[in-house]
Every structure is written in C-alpha cells, then in structure tokens.
Number of protein chains: 2
Amino acid sequence: MATPLPPRRRPTMVDVAARAGVSRALVSLVFRDQPGASAETRSRVLAAAEELGYRPDGAARLLARGRSRTLGVLMTVREPFEADLVEAIYPEAERLGYEVLLSARTPGRDEATAVDGLLAHRAEAIVLLGPDVDDAFLAELGARTVAVVVGRAAAGLDSVHSADADGIRQAVDHLAGLGHREIVHVDGGTGSNAAARRTGYLDAMAAHGLADRARVLPGAYHEDAGIAAAHALLTEPELPTAVVAGNDRCALGLLDTLRRSGIDVPGRVSVVGYNDDRLARLSHVDLTTVRQDAGRLARQAVRAAAARLDDPDLDPGETVLTPELVVRGTTAPPGRGNCP
Amino acid sequence: MATPLPPRRRPTMVDVAARAGVSRALVSLVFRDQPGASAETRSRVLAAAEELGYRPDGAARLLARGRSRTLGVLMTVREPFEADLVEAIYPEAERLGYEVLLSARTPGRDEATAVDGLLAHRAEAIVLLGPDVDDAFLAELGARTVAVVVGRAAAGLDSVHSADADGIRQAVDHLAGLGHREIVHVDGGTGSNAAARRTGYLDAMAAHGLADRARVLPGAYHEDAGIAAAHALLTEPELPTAVVAGNDRCALGLLDTLRRSGIDVPGRVSVVGYNDDRLARLSHVDLTTVRQDAGRLARQAVRAAAARLDDPDLDPGETVLTPELVVRGTTAPPGRGNCP
DNA sequence: TCGTGGAACTAGAGCGCTCTAGTCGCTCCG
DNA sequence: CGGAGCGACTAGAGCGCTCTAGTTCCACGA
C-alpha cells in the first residue's frame, strides 16, 4: 500500500507525483488538461490526487503562470441590482476563462480598501459596480490596472451603462401619455448618472411642454431617500400625480410611505422606478420601472475587461445600452382619486 | 535620475530594491513593518515603491509565507440578512488579521464551485452563510479544511446560529399574549434550521394549549414562498388571525400579498418574521420579527474560524445566540376587523 | 588594543506551481 | 539498417515573495 494520508500539510504536486509514480511535470500536465499524458497515466494521476485530497494551489499557480485570469469585482453587498449584476458576471467570466473575486464596499470599508484586497489577490482587472465611485480614485486606478465601470460613464476608462436620460424620458413619456402633468422627479443625488437622469427628466418635461411644471426633489439611491421624499410631498397642499424615482430602491421607499399614508397608488399617484431589480419585479411590488438589462450590462463589462486585457492599447470604450420601460402596476391615468 | 517607470510589467520587489539602492530582503522588511531597517532607509524604500507604483504581490507572499490569513466567505448575494453578516465579518476579520474573500452561490453556480474558488485562492477557512448548505458537502469540506457554518447547527463542525426554537417561541408567546389563537406557521422548507423553527412553533403552541390549532404551511426562505402561502390562505373560508413566517423575506411576501388583497395588517391578520434584516427594519415595512444579531453572529463565526486555525485539535463548537423578539407594527390584538 | 554586542543590512534557500527544452523509446519509411 | 518523427515523459529554471542565517560596521568597555 502507498503512503497513508499525509499528516496535516496540504498535499502538493510532489505528493501526487510520488504516489502516482510519475514526475511533477506530468501531474501538472494532467491538471492543466494539456496533451502529453497517456489516458492510463492520466487516470492514475487523478486517482492519486483524489486519494490525497489534492487540489492545485492557486497562489503557486498564479505565480508560475504570468497571468491570474482573475477578475475582481467591487460591489455593494446591499444593492439588489448589483446582486443581479454579480450573478450575471459569473457565467460570462467563466465562459472567457476568468475567475471572479468579490469584494464589498461597506459603510466601514471604503472602495480603496476593497480594491486593494482584490489587487493583492492579483486580480488582473477590476470591475466596479455602482455609480458612486469616486472620479479621482477611478483615474488613479485606471492608470494602475485595467478597470471597467458599470452603471455610469467614466472619462478615460471603459464603462458600461445604460442611456439614463433616454430611460427617464421613456418614463416621462409614459406618464405624460397617460395624461399626467404634475410629474415630479426624486433624483439620485450627486454622481454622474444621477445628473444624467435629472437632465433626462428636465428635457423630457420640456418636450411635453411641461418645463414650468418640472420639479426635482433631492434624493438618493436608497429606500430612506424615497421615504423622506414621500414625507416631504405629503406635507404639501397638493400631491403631484406622478413621481419618477431615481432608482427602484428609492421608488420602493416612496411607494410604501405613500400607501401607508392612505394614498392609493396608482389611483392617486403613479410611481416609476429605475433599474428593474429583483425587488421591483416581485409580484407584490409590481413596480413600473425602467429596465436596465443586468445580464447584458454584466456581460459587456466582463467582455470589455477581457478585451483590454488582451490588448492594453485599446481605446477606452463606453458601452451604452438602451433601457426599456416596463409598465406594471404602479402607474395609471391620473385623477382616479383615492377610491377606485 | 533613476530608471523611468517600467514599461508594462508590474513592478516587483527587485525593482524597488534597485531604485532604493538596497537589497530585496530589506524591501521585504519594510513592507512587512518589521524592525531592522533604519528610519531613513525605510522612507527611501517607501518612496521608491511609491514612484514605481509597487504593491506587494499577494500570490507570491502567500506562497512564501506558510499561511494566507485569508477567510473565504460563501454567501447568497440576494439575501439581505447575509449582506448584514458580510458587513459585520469584515471588521472582525481585520481585527484578527485576516483578509476576506467573498464567493457567491447563485442559481447557476453551486456551493461546491464557489468553495473551490475560495480554496484555490488559499482561503484557510471557509465561513458558510445560510442554512441551506448540504450536509454531506459540509462533512467532506470539514474534513478537508476549516469550515464554520452560520445560521444552523452542523454536526461535527463549528457552527454559529441562534436558538431558533426559542425565537419562534417568543413570537408565538407574543401573539398568544395578544389574544391570538389561530396562529399559522409558514415554514422554511427543508434544512435543519427550518426544522428547529417548526418544532419551536409546535411546542410553543402546545404550551399555550393550542396544539390542536397548530398548523404548518410549507414554505421557503424567500418572498415567493410568502406570496404563495398568502394566496393559499386567502382561498380558505376563514383567515387565521396571525402568521409566523420562516424568515423576513417570506414575511414580506406574505405581508404585501395580504395587504394588496385588502386585508388589514395588523388589524385583521398579524405577521411576524424572523431575522430582522435591513428590509424588515425599514420604516415602511416595520415588521415585527425575531432578531438575530448579525453582528454577533458574524463576529463569533470569525472568531471560531480563527480559533480553530490556531488550534486544529479544538473540539468543534456550536455557538448558540439567544434571539430576541422585536415588536413593531405588524402585530396587534386579533379581531379588530378590517377597518380599524 | 582587542573583543563584544547590537543595529543595519544581505545572501540564498525555499514556497508549489508552470513551462521550455530536452530525453527516451517506438514505429515507420526509404 | 539508419534515422526521421512522434508520443510520453522529465529536468530544471523561474514566478515574486519570506525568512533564516549570516556578514558588516560601529560604538563601547576592559
């Protein structure tokens, strides 16, 4: 019988080679699925590895190959739309032969820390999810490594996002088409894509001859902002008939605050979100929203990273996808009052 | 002037050493913050590194040190409670000198794949979030490496979870105290912690002399299960006066489906969740729920992993935290009818 | 004057892989 | 019969670090 399972040490290629009675190089071949080993030897090696519980050491492998073929993804662990993106990143990365490493920005852990972690683990490219990444930080990161921004435009870097102004325009068109005139926008605060959405709203209102009725409430991309905006609206003498929120989370906050205050949605107020995240799609939420295709966004981002990795001299590209209004249950013609 | 920025190659310690005019070993010392370098040299090295944009290569470092000091965390990117856990894991890991790597299980990417990724990146220990991890898989993993399960008990492994039966009992006590007698439980399906919660419910009902009224509806830990359960209840001639859901997501599904069907919550039906995730706490949801302390759960898990790493012969421990009912706005005495 | 000790620094052997440049047997063909 | 050609396999030099065991140098005391 061959040597028993090793004491504590994680088994290495040497152990497998010894047990299978071949050289280290051969084991390496087998594990890389390269030609050059006979079927018989191959299975002997695999068997030996199995018995020892061997798995190739990523660090050593990384070091030995030039490339890590690892994509680092910076995410906010709390944002449902980013969760959708992450789920779509995995398969595309796998298809292109990349591994994925996730790192979260949290209230107590800033982007720089999160990215450093990824870089230390040899991520070849960083995919930054979410529109609130800092410009200066981006520029520096882009100089150091391959970076792709998802969710907003980023000068001088690869970015993948949807045509925000167009998306908001579709929302306003829809509402105006239903007969709404008092349409308010709760915006996404600072950040380039909030600005784009704001502009889109103002332009669309103007296009419908409603420029003088346009009104932007300061907001942000989370529920609390929607709640605050709803409370602000409720203190006013007259409610608008429709609200376009900066994103779905904000819309959700708005929605529930309005409903809990006895306001019928969409009977008295229509609400539109942005993103079409999982939450919006849940049947009990049933939010009319502007759909960004998370799958396509994610695939494009991964491809952009891979392309730049293949050819670092590529010009930075901005991929803009066309968003699409999804009409669900939170919009209706105005004036149905509170009791349908 | 010294050499200009290198062409493409990521700079290495050799480059920094050359630029600073010292040996590689000294650079290593400086970057590991070890004594043995004069203040003057130290800053010279740091300056050289800065100029070159050098950052230590994690892979090489990993390989050279025995240990990676990295914790791998398996998560479901879509579960808000796990997001809370992840956020709490980072600071504790940092405090103990560990890095954190995240890997997501998704519909198309199973636990084994996710864990393999972590292991390949040399995670020394795996923290598995969520109760649906497979038993056989766990056992095998536990034999291979250090694994800590969060959210359920796991025989033979370290686990950190809350006293599920106790939590549910508190919920039932609360409802019974309000005068409810028709209390239904929508359970979490298979999985050990769903079983514990189910048992807790049945025992608590019995303790209140309501054994014959106890009723468990099959469910799961997500919104759709809550929605389905609500629809099932709505087809029946008589609604129960209270529902204890398996977790918050399920409760949310229930809640909104009931409300959209014109059922007053808590006037006609009271709803209780489990977890107290961010969503439950949002003011527009305001869910009465059983709070699991994500912070403590996360800290305990990290500590358990660290402890076992320090001493592999430690007996596997089960840490059970006491959950606590948080009464909010979705529970009230029964019988207030539909129009308060 | 010489040792002595400590601070500052260096040489060089790994860590577990990959990959290039082989070597070794065969078969096959002229 | 000699060698070209090929499949199967191996030796050994890295990859960019860490870490042990030095070596140098310079006070400082006897």
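How do the residues of the surface near DNA strand C divide into nonpolar, polar and charged? In this predicted model, that surface has 13 nonpolar, six polar and six charged residues. Altogether, 25 residues sit around DNA strand C, and the ones that come nearest are M13(A), S28(A), A60(A), A64(A) and S23(B). As for where they come from, α2 and α4 of chain A, along with α2 and α4 of chain B, each give two or more residues to this surface.

Now for the other strand. DNA strand D is surrounded by 25 residues, and S23(A), M13(B), S28(B), A60(B) and A64(B) are the closest. Two or more residues apiece come from α2 (24-31) and α4 (58-64) of chain A, and from α2 (24-31) and α4 of chain B. Sorted by class, the surface near DNA strand D holds 13 nonpolar, six polar and six charged residues.

How do the two protein chains relate to each other? Chain B can be laid on chain A by a rotation of 180° with just 0.1 Å of shift along the axis, giving an RMSD of 0.2 Å. The two copies are therefore related as by a two-fold rotation axis. Both copies use the same surface, too: 100% of the contact residues of chain B turn up again in chain A.

The contact between the chains takes in 41 residues from chain A and 40 residues from chain B. On the chain B side, at least two residues each are supplied by α4 (58-64), α5 (80-95), β2 (99-105), α6 (111-120), α10 (223-234) and α11 (248-260). That side of chain B breaks down into 17 nonpolar, eleven polar and twelve charged residues.

One helix of chain A is worth a look by itself. Helix α11 (residues 248-260) of chain A has 13 residues, and at 1.5 Å a residue it should span 18 Å; its end C-alpha atoms are indeed 18 Å apart, so the two values agree. Is this helix mostly buried or exposed? Eleven of the 13 residues of α11(A) are buried, so the rest of the structure largely encloses it. The buried residues are D248(A), R249(A), C250(A), A251(A), L252(A), G253(A), L254(A), L255(A), D256(A), T257(A) and L258(A). What do they pack against? Their partners, in chain A, are the strands β6 (183-186), β8 (242-245), β9 (270-275) and β10 (288-291), plus the helices α10 (223-234) and α12 (278-281). After α11(A) comes G262(A), which has a positive phi, near 85°.

Conventions: Residues numbered from 1 in each chain as written. Chains lettered and ligands numbered in written order. Predicted model: local features only at pLDDT ≥ 70, side-chain atom pairs only at ≥ 80, totals over all residues. Contact = placed C-beta atoms within 7 Å. Helix = DSSP H or I, 4+ residues; strand = E, 2+ residues; numbered from the N terminus. Nonpolar A, V, L, I, M, F, W, Y, C, P; charged D, E, K, R; others polar. Near = placed C-beta within 6 Å. Expected span 1.5 Å × (residues − 1). Buried ≥ 20, exposed ≤ 12 C-beta atoms within 10 Å, placed from the backbone. Least-squares fit on C-alpha atoms with pLDDT ≥ 70 in both.
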